Amino acid sequence: KGVGPKIAQKLEKLGAETVYDLLYLFPRRYDDYTLMKPINRLNYGEQVTVIGTIWQTRAKRLKGNKTLIQAVINDGTGSIQATWFNQPWLTKQLPAGMQIVLSGKVDQFLGRPVFNSPEWEPLELEPLRTRRIVPVYPLTEGLGSGRLREIMGTTASYWSLRVPDALPEPMRRRLKLYPLSQALKQIHFPDNQQTLHEARKRLSFDELFLLQLGMQSQRRQWQSRSAAPIVAERDQLNQFYDLLPYTLTGAQDRVIQEILNDMSADVPLNRLLQGDVGAGKTVVAAVAMFAAARSGAQAALMAPTEILAEQHYRGLSALLAPTGLELALLTGSTPAAEKSAIYERLAAGTIQIIIGTHALIQESVEYSNLALAVIDEQHRFGVEQRGALRDKGNRDGDQTNPHLLVMSATPIPRTLALSLYGDLDLSILDEMPPGRQEIKTRWLRASERERAYNFIRRQVEEGRQAYLIFPLVEESDKIDAKAAVAEYDILKNEVFPDLKMGLVHGRLKSEQKEAVMRGFYAGELDILVATSVIEVGVDVPNSTVMIIEGANRFGLAQLHQFRGRVGRGEHQSYCVLIADDSTGDAEKRLTALEETNDGFLLAEKDLELRGPGEFFGRRQSGLPELRMASLLDLPLLKLSQKEATNLFAKDPALSLPEHELLREQLSLFW
Ligand code: ADP
Ligand code: MG
């Protein structure tokens with residue numbers, strides 16, 4: 001009610017197209033007038049809200065066309081100065097005499113309390129008169145906070161009573177959670193902090209519960225049919241180990257045991273193998289594939305790109321060829337004649353180990369006896385592709401599900417593993433092979449770039465290769481691609497005219513990209529310039545320098561992944577981070593990278609700095625968006641996991657009438 005086409009448009013910008021969306025458009029924060037403090041009682045460092053009158057607002061010009069807005073606010077007990085950068089329009093929006101609400105952290109400047117870039121809004125007397133805790137919604141151009149709050153008021157009071165609650169009533173009561181209507185009402189217009197807390201808890205539970213239900217149902221699907229048990233003979237394994245050029249680390253031994261144990265059952269293995277870059281995941285996969293092949297079945301390894309598939313093919317061939325097993329490589333660019341030969345040999349069972357890209361799960365590909373599927377870099381594979389892979393499983397013509405081993409090179413803090421991989425068992429390679437050299441990492445300012453270039457030059461003179469990364473994060477953006485090309489031209493023509501260089505960026509066709517990558521692999525290029533599209537698993541042991549421009553703009557995990565491209569061979573390797581700015585958390589991130597090479601430590605640090613939402617932002621694209629819950633809320637996570645397990649035990653298909661709504665919500669959520 002009260003929302004015409006114009007306002008509807010504005011609401012759409014906030015992501016709300018339906019009444020349901022609007023109910024779930026949660027306040028960004030709350031101004032709790034019961035927590036408000038008079039200015040003369042503020043303490044440094046505390047997060048507060050104050051109300052006062054603006055005495056004066058000035059704009060100051062700073063160097064480099066920047067402006068600083070300073071406002072003095074007084075509440076009768078004292079004054080505080082608030083400042084904002086580069087928002088010149090604020091002089092108009094914050095006239096002297098206006099009553100204002102400010103929220104933020106109290107800093108000190110020259111011994112006096114100040115607010116730096118506090119949140120603010122004009123004081124409205126209405127909510128103050130009627131309630132103590134006032135919701136503050138995200139704003140959009142042309143829709144004032146007062147108006148939006150009115151709309152929310154109408155929506156929440158009318159519709160929250162009419163939303164069906166998908167959570168089964170007995171369960172809700174047992175867990176002492178608010179009914180949905182009450183939670184929605186209180187999340188928008190809380191009576192007090194306690195009811196707000198309860199509302200948050202109920203809405204967070206909903207999300208985590210749906211998350212767990214979704215993941216557990218994936219696991220159930222994978223394990224819905226039995227698998228062909230694979231029993232590894234001790235002798236055979238020892239023969240294989242004897243052929244290895246090194247002894248396995250303790251961690252490798254342990255995870256191999258975990259994997260082989262699971263594979264010996266007729267319930268399909270369903271396991272994630274996590275390990276930092278260079279931890280030695282390939283040989284672990286090789287042992288599992290070897291065991292499958294020796295037992296008379298087939299194993300497949302699927303990688304996200306052709307380059308990675310080829311690399312795995314080379315690596316696994318080196319490990320497995322001495323055993324006499326038949327390996328083959330199948331990708332999109334395998335020539336047609338060869339392809340059909342491979343299809344035939346796969347169907348006949350003469351190929352025992354196949355490595356490839358999505359080409360492995362095309363409909364036309366038939367396996368005679370696929371019992372183990374290994375997926376590298378799992379976050380790029382969606383549910384459908386997993387399904388296609390699962391359907392390839394068979395044993396002597398009978399449909400079985402293959403054992404599934406997923407490998408991920410992105411270390412995930414243990415605290416998050418439960419929420420993110422509820423569908424997979426976890427094996428962690430937490431020990432590096434011996435003798436691994438530290439990649440020396442230095443952080444330089446943009447003005448010191450010349451030093452980095454000289455360094456590249458010296459390394460190239462010694463026969464090494466180098467990567468140069470540009471922070472053009474939006475791979476699809478035309479402008480960024482152009483900028484990359486322009487930067488590249490300058491480097492090529494002016495900085496390194498005598499060296500051989502190649503460029504890859506997100507706008508290139510994949511064949512073009514792969515052609516350049518191959519040149520770098522073959523040592524035909526000295527320097528590879530790349531945007532962030534550079535493949536995570538790329539392995540060129542001769543490359544020893546990684547230079548990352550605009551390093552401050554990348555997250556820790558990504559920087560660590562980039563760095564992992566060097567230090568893969570016998571030569572001492574280096575990573576140079578060039579920062580054009582070091583404000584905010586950038587300094588902490590760059591320093592952390594200088595200090596450690598340990599991916600798990602860095603992941604913990606990253607999580608601490610950015611929080612779980614950002615941590616997974618782009619990376620964990622397979623997960624639904626959470627609006628309320630924190631992936632770090634361990635007690636609530638454990639609860640939702642337990643409840644999901646119990647529910648599936650009772651009603652595996654969620655087909656009981658009392659679970660109908662839940663089933664509907666589950667598919668909406670995912
Ligand atoms: P990742 O886990 O990043 O896939 P790889 O499997 O590519 O790591 O292994 C990285 C390097 O370490 C390879 O060159 C491999 O031969 C070597 N490696 C693996 N395991 C061991 C080991 N136990 N001892 C010595 N070197 C090993
Ligand atoms: Mg690898």
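**Exercise 1. Polar contacts of ligand 1**

Task: In this predicted model, find which residues place an N or O atom 3.0 Å, 2.8 Å and 2.6 Å from an oxygen atom of ligand 1.

Solution:
- Step 1. Start with the backbone: an N or O atom of Gly-280 lies 3.0 Å from a ligand 1 oxygen.
- Step 2. Turn to side chains. An N or O atom in the side chain of Lys-281 is 2.8 Å from an oxygen of ligand 1, and for the side chain of Thr-282 the distance is 2.6 Å.
- Step 3. Apply the cut-off: a polar contact is a pair of N or O atoms within 3.5 Å. The pairs of Gly-280, Lys-281 and Thr-282 meet it.
- Step 4. Consider cover. On its own, ligand 1 has 560 Å² of accessible area, and the protein covers 74% of this.

**Exercise 2. The shell around ligand 1**

Task: State which residues come nearest to ligand 1 and how the shell divides into nonpolar, polar and charged residues.

Solution:
- Step 1. There are 14 residues around ligand 1; those that come nearest are Thr-247, Gln-252, Gly-278, Lys-281 and Thr-282.
- Step 2. Sorted by type, the shell holds six polar, five nonpolar and three charged residues.

**Exercise 3. The seven-stranded sheet**

Task: Give the strand order of the open sheet of seven strands, and place the helices that pack on it.

Solution:
- Step 1. The order is 11-12-10-13-16-9-17, with parallel pairing.
- Step 2. Strand 11 (327-330) and strand 17 (425-429) are the edges, each pairing on one side only.
- Step 3. From one strand to the next, the twist averages 20 degrees.
- Step 4. Inspect one pair: strand 10 (residues 298-302) and strand 13 (residues 370-376) run parallel and are joined by five bridges. Ala-299 has Leu-372 in strand 13 as its bridge partner.
- Step 5. Add the helices. Helix 10 (residues 250-263) touches strands 9, 13, 16 and 17, and its direction makes about 160 degrees with that of strand 17. Helix 13 (residues 336-348) touches strands 10, 11 and 12, at about 130 degrees to strand 11.

**Exercise 4. The six-stranded sheet**

Task: Work out the order and edges of the open sheet of six strands, then say which strands helix 18 lies across.

Solution:
- Step 1. The strands follow the order 18-23-22-19-21-20, and the pairing is parallel.
- Step 2. The edge strands are strand 18 (440-445) and strand 20 (501-504).
- Step 3. The twist here averages 15 degrees between one strand and the next.
- Step 4. Strand 20 pairs with strand 21 (residues 527-530) over four bridges; Ile-527 is the bridge partner of Met-501.
- Step 5. Helix 18 (residues 510-521) lies across strands 19, 20, 21 and 22, running at about 145 degrees to strand 20.

Definitions and conventions. Residues are numbered from 1 along each chain as its sequence is written. Chains are lettered from A and ligands numbered from 1 in the order in which they are written. This is a predicted model: local features need pLDDT of at least 70, side-chain atom pairs count only at pLDDT 80 or more; totals for chains, interfaces and linings use all residues. Side-chain values use heavy atoms; hydrogens and water are left out. A residue is near a molecule or strand if one of its heavy atoms lies within 4 Å of it. A polar contact is a pair of N or O atoms within 3.5 Å; within protein, one must be able to donate a hydrogen and the other to accept it, and residues adjacent in sequence count only if both atoms are side-chain atoms. Accessible areas come from the Shrake-Rupley method with a 1.4 Å probe; for residues, only the protein chains shown count as cover. Ala, Val, Leu, Ile, Met, Phe, Trp, Tyr, Cys and Pro count as nonpolar, Asp, Glu, Lys and Arg as charged, and the others, Gly among them, as polar. Two strands pair if DSSP finds at least two bridges between them. Helices (H or I, at least four residues) and strands (E, at least two) are DSSP runs, numbered from the N terminus. Axes are lines fitted to C-alpha atoms, for helices over the stretch in contact, and angles run from 0 to 180 degrees between N-to-C directions. Contact means heavy atoms within 4.5 Å.
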